[in-house]
Amino acid sequence: MYAVIVSGGKQYRVQEGDVLKLESLPEEVGSVVNFEKILMVGNGDKVTIGSPFLDKCQVSAKIVSKGRGKKIRIVKFRRRKHHEKWQGHRQNYTEVEITQIKA
């Protein structure tokens with residue numbers, strides 16, 4: 001069984017036991033978070049699609065860890081003008097493990 005959920009403005013296809021990195025969530029490490037925005041649930045050949053979301057469906061996940069991603073470098077420069085600007089960014093994330101899909 002799998003489901004397509006929405007978290008942080010992005011869509012994820014998940015199954016039980018999957019570990020994925022989501023946008024930062026406010027809950028603490030070790031707590032359980034429930035996702036109610038479920039777009040689709042599939043079980044073998046049977047697929048149920050919501051419009052836009054499915055009612056009475058829920059995906060539960062346990063928060064494993066929180067952290068910051070790899071640093072990316074942003075460079076802005078103008079040729080022949082002796083102008084160069086550097087900037088870095090590290091995105092926060094929350095790592096969750098999918099524990100249960102109720103459909």
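## Terms and basis of the model

Two strands are said to pair if DSSP finds at least two bridges between them. Strands themselves are DSSP runs (E, at least two residues), numbered from the N terminus. By these terms, one open sheet of 4 strands has the order E3-E10-E7-E4, with antiparallel pairing.

The model is predicted: local features need pLDDT of at least 70, side-chain atom pairs count only at pLDDT 80 or more, and totals for chains, interfaces and linings use all residues. Residues are numbered from 1 along each chain as its sequence is written, and side-chain values use heavy atoms, with hydrogens and water left out.

## The sheet E3-E10-E7-E4

The edge strands of the sheet E3-E10-E7-E4 are E3 (19–23) and E4, each of which pairs on one side only. Neighbouring strands of this sheet are turned by 45° against each other on average, direction ignored. Such angles are taken between axes, which are lines fitted to C-alpha atoms, and run from 0 to 180 degrees between N-to-C directions.

Strand E7 is joined to strand E10 (residues 92–102) by 10 bridges, and the two run antiparallel. Within this pairing, Ile-63 has Val-96 in E10 as its bridge partner. Strand E7 (residues 58–68) is also joined to strand E4 (residues 32–35), by 4 bridges and again in an antiparallel manner. Here Asn-34 stands opposite Ser-60 in E7, and the bridge partner of Phe-35 in E7 is Val-59.

## The sheet E2-E1-E5-E6

Another open sheet consists of 4 strands in the order E2-E1-E5-E6, with antiparallel pairing. Its edge strands are E2 (10–15) and E6 (46–49), each pairing on one side only. The average turn between neighbouring strands of this sheet is 20°, direction ignored.

Strand E1 (residues 2–7) and strand E5 (residues 38–43) run antiparallel and are joined by 4 bridges. Val-4 stands opposite Met-40 in E5.

## Two residues of this sheet: Arg-13 and Ser-7

Is Arg-13, a residue of strand E2, buried or exposed? Its relative accessibility is 52%, so Arg-13 counts as exposed. The classes are defined by relative accessible area: buried means under 20%, exposed over 50%, and partly exposed in between (1.4 Å probe, protein chains only). Arg-13 touches Tyr-2, Ala-3, Val-4 and Asp-18, not counting residues up to four places away in sequence; contact means heavy atoms within 4.5 Å. Arg-13 and Met-40 are 27 residues apart in sequence and 9.0 Å apart in space, C-alpha to C-alpha.

Ser-7 lies in strand E1 and counts as buried because its relative accessibility is 6%. Leaving aside residues up to four places away in sequence, Ser-7 touches Tyr-12, Leu-22, Leu-25 and Phe-35.

## The salt bridge

Side chains of opposite charge can pair when their charged atoms come close. A salt bridge is a side-chain nitrogen of Lys or Arg within 4 Å of a carboxyl oxygen of Asp or Glu, and the structure holds 1 salt bridge. Which side chains form this salt bridge? They are those of Glu-23 and Lys-10, at 2.6 Å, N to O. The pair links distant parts of the chain, as Glu-23 lies in strand E3 and Lys-10 in strand E2, 13 residues apart. Glu-23 is partly exposed, with a relative accessible area of 23%, and Lys-10 is partly exposed with 40%.

## The surface patch

Val-75, Phe-77 and Trp-86 form a nonpolar patch on the surface, with about 350 Å² of accessible area together. Patches are made of residues with over 30% relative accessible area and no salt bridge; like charges are joined within 9 Å, and nonpolar side chains (Val, Leu, Ile, Met, Phe, Trp, Tyr) within 5 Å. Accessible areas come from the Shrake-Rupley method with a 1.4 Å probe, and for residues only the protein chains shown count as cover. Trp-86 lies in strand E9 (residues 83–89) and, at 52% relative accessibility, counts as exposed.

## Backbone features in the loops

Most residues other than glycine have a negative phi, and most peptide bonds are trans. Against this background, a cis peptide bond joins Ser-51 and Pro-52, with omega about -5°. Pro-52 is placed in the loop between E6 and E7.

Lys-56 is found in the loop between E6 and E7, and its phi is near 60°, a positive value in a residue other than glycine. Lys-56 counts as exposed, at 80% relative accessibility. Arg-80, in the loop between strand E8 (72–78) and E9, has a positive phi near 60°. At 69% relative accessibility, Arg-80 counts as exposed.
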